[in-house]
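Q: Please take a close look at a single part of this model. I should like a connected account of its geometry, its burial and its contacts, set against the chain as a whole.

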Amino acid sequence: MTAPPFDILFTDEASRVLEDLLQPQYKSKRTKAQKALRLLRDVGPSHPGLNSHRYESLVGPNGTAVWGILHRESNARSMADLVGLRTRS
């Protein structure tokens with residue numbers, strides 16, 4: 001990945017999850033997700049607040065870096081599983 005900003009590409013599942021977070025009972029989770037997505041878009045996956053790490057042993061399409069994001073809730077699906085990044089042209 002090069003310098004930000006990035007475009008975030010959402011899978012269908014990610015879109016459904018984000019739509020579910022619009023419900024009032026998920027306000028706290030929605031706020032956290034919005035912050036994480038803002039950091040991902042504006043700074044990139046290397047931001048320390050995202051608790052991410054670059055996989056040295058994996059290479060994505062066209063030689064792009066592959067990142068993993070650690071999350072606190074062991075049963076939660078990581079946003080890293082649900083989104084992709086592309087450098088904004």
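A: The protein chain of this predicted model contains two helices and four strands. Read from the N terminus, its elements follow the order β-α-α-β-β-β. The part examined here is helix α2, which covers residues 27-42.

Confidence should be considered before any detail. The chain has a mean pLDDT of 77, and 73% of its residues reach 70 or more. Among its elements, α2 has the highest mean pLDDT, at 88, whereas strand β4 (residues 83-87) has the lowest, at 57.

The length of the helix can be checked against expectation. α2 has 16 residues, and at 1.5 Å a residue these should span 22 Å. The C-alpha atoms at its ends are 22 Å apart, so the model agrees with the expected span.

Burial comes next. Of the 89 residues in the chain, 20% count as buried. In α2 the buried residues are Arg30, Ala33, Leu37, Leu39 and Leu40. Several of these names return in the largest nonpolar core, a set of five residues made up of Ile8, Leu37, Leu39, Leu40 and Leu50. Helix α2 is the main contributor to this core, providing three residues. In soluble globular proteins, nonpolar side chains tend to be buried together. As for the outer face of the chain as a whole, its accessible surface comes to about 6500 Å², and carbon and sulfur atoms account for 52% of that area.

Arg38 also belongs to α2. Its relative accessible area is 42%, which lies between the limits of 20% and 50%, so Arg38 is classed as partly exposed. Arg38 and the core residue Ile8 are 30 residues apart in sequence, yet their C-alpha atoms are 9.6 Å apart in space.

Which residues form the salt bridge of this structure? There is one such bridge, and it pairs Arg41 with Asp42, with 2.6 Å between the closest N and O atoms. This distance is within the 4 Å limit, and the pair therefore qualifies as a salt bridge. Side chains of opposite charge can pair when their charged atoms come close. Both partners are partly exposed: Arg41 has a relative accessible area of 33%, and Asp42 has one of 39%.

Asp42, itself part of helix α2, also shows a link across the sequence. The C-alpha atoms of Asp42 and Pro5 are 4.9 Å apart, although 37 residues separate the two in sequence. Long sequence separations also appear in the contacts of the whole chain: among those between residues at least 6 apart in sequence, 54% join residues at least 24 apart.

Beyond the helix, the backbone has two noteworthy phi values. Gly44 follows α2 and has a positive phi, near 110°. Asn51, in the loop between α2 and β2 (52-59), has phi near 50°, a positive value in a residue other than glycine. With a relative accessible area of 36%, Asn51 is partly exposed.

Taken together, α2 combines the highest mean pLDDT among the elements with the greatest contribution to the largest nonpolar core. Within the helix, Leu37, Leu39 and Leu40 are buried, whereas Arg38, Arg41 and Asp42 are partly exposed.

Definitions and conventions:
Residues are numbered from 1 along each chain as its sequence is written. This is a predicted model: local features need pLDDT of at least 70, side-chain atom pairs count only at pLDDT 80 or more; totals for chains, interfaces and linings use all residues. Side-chain values use heavy atoms; hydrogens and water are left out. A salt bridge is a side-chain nitrogen of Lys or Arg within 4 Å of a carboxyl oxygen of Asp or Glu. Buried means under 20% relative accessible area, exposed over 50%, partly exposed in between (1.4 Å probe, protein chains only). A nonpolar core is a set of buried Ala, Val, Leu, Ile, Met, Phe, Trp, Tyr and Cys residues joined through side-chain atoms within 4.5 Å. Contact means heavy atoms within 4.5 Å. Accessible areas come from the Shrake-Rupley method with a 1.4 Å probe; for residues, only the protein chains shown count as cover. The expected span of a helix is 1.5 Å times one less than its number of residues. pLDDT is the predictor's confidence in each residue, from 0 to 100.
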